[in-house]
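Trainee: I am new to this structure and should be grateful for a close look at a single part of it. Please take me through the sheet, one step at a time.

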Amino acid sequence: MWDFLQNGWRPAVEIFILTVCIYYAFRFVRGTRGAPVVTGFLVVLLALGLVSYLLQLKVLQYLLATFSAVFILSVLVLFQPELRRMLAELGNLQLFATAHEQRENIEVIIQTVERLSEVRIGALIALEQSIHLLEAVESGIRVDCEATPEMLETIFFPNNAIHDGGVIIKGDRIAYAACIFPLTQRQDLNKSLGTRHRAAIGLSEETDAVVVAVSEETGSISYSYKGHFVRGVTLEALRAFLTSVLVKPAPSRKWLTSLRSFLNRRFRSANVIVAEADAPTRTTTTSVVK
């Protein structure tokens, strides 16, 4: 049993890593334009590989082994836009965003809802965090542009082709517009809440996004986070809430200060010990000279 545990953990780790890689590879390929091409490639390769193995066709096996490198290169070419988008999204993660950039993104939202509230234009803005929102919404039109108050006002302007639905913002980019968010199924809500507010609550229940809504009838500003809905907030209260959620505090440096103080104390103690050890030596040397 011990020998099995000692020698069998490596295959188990390899199987786990391959399973995770294959799963995320399929998730990445699914829904892209190159997915049918890759599926066709895989079907042809598996069929030829099975035939060459059963019939022991050595030349075909050699050609298939050689073609694997070409297949990897073709995948990189086919999925160049998707790979570039994935790397761009990696760069936009909050892990790489500074507090200053996050506060600038918050000010874009504040200015947008302030302008839309004044003219009573409805809006629904979802700020994506760690959970991808596209998996929770039913539809959406890819925009992929810089998030500015002017662009958001243009999107939500009445009679615009994409003003219906919500907007998904990733970092400082408007990712999707005209998204249909899931509605909440709660029965304890106020009957005066419209579809826009119920969609904000529904999306916040299923994801960790912060959803900001502007009422078209009253111009009031609301937000929903983790299923908790707050209605009729001021701009200052909205700014404070977004800052508390989106602006990550700088890592604490208390441990560094404590370590520095400890080293300083140890260094001073070592100097005192050395000085006390040298004192008799200096006294003896002075007596001898006399």
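Mentor: Let us begin with one pair of strands: β3 (residues 166-170) and β4 (residues 173-179) pair in the antiparallel sense over 4 bridges. Within this pair, K170 stands opposite R173 in β4. Two strands are said to pair if DSSP finds at least two bridges between them. Strands (E, at least two residues) and helices (H or I, at least four residues) are DSSP runs, numbered from the N terminus.

This is a predicted model, in which local features need pLDDT of at least 70 and side-chain atom pairs count only at pLDDT 80 or more, while totals for chains, interfaces and linings use all residues. Residues are numbered from 1 along each chain as its sequence is written, and side-chain values use heavy atoms, with hydrogens and water left out.

The pair belongs to an open sheet of 7 strands with mixed pairing, in the order β2-β4-β3-β1-β5-β6-β7. At its edges stand β2 (141-146) and β7 (228-230); each has a single partner strand, so one side of each is left without a neighbour in the sheet. From one strand to the next, the twist averages 20 degrees. Strands of a sheet pair through backbone hydrogen bonds, either parallel or antiparallel.

Both senses meet at β1. This strand runs parallel to β3, joined by 3 bridges, and A126 stands opposite I168 in β3. With β5, β1 runs antiparallel, and 5 bridges join the two; here L127 stands opposite V210 in β5.

In a regular strand the side chains alternate between the two faces of the sheet. In β1, A123, I125 and L127 point one way, L124 and A126 point the other way, and all are buried. Buried means under 20% relative accessible area, exposed means over 50%, and partly exposed lies in between (1.4 Å probe, protein chains only). Because 5 of the 5 residues of β1 are buried, β1 is largely enclosed by the rest of the structure.

Two helices complete the picture. Helix α5 (residues 99-118) lies across β1 (123-127), β3, β5 (210-214) and β6 (221-225), and runs at about 25 degrees to β5. Helix α7 (residues 195-206) lies across β1, β5, β6 and β7, at about 175 degrees to β5. Contact here means heavy atoms within 4.5 Å. Axes are lines fitted to C-alpha atoms, for helices over the stretch in contact, and angles run from 0 to 180 degrees between N-to-C directions.
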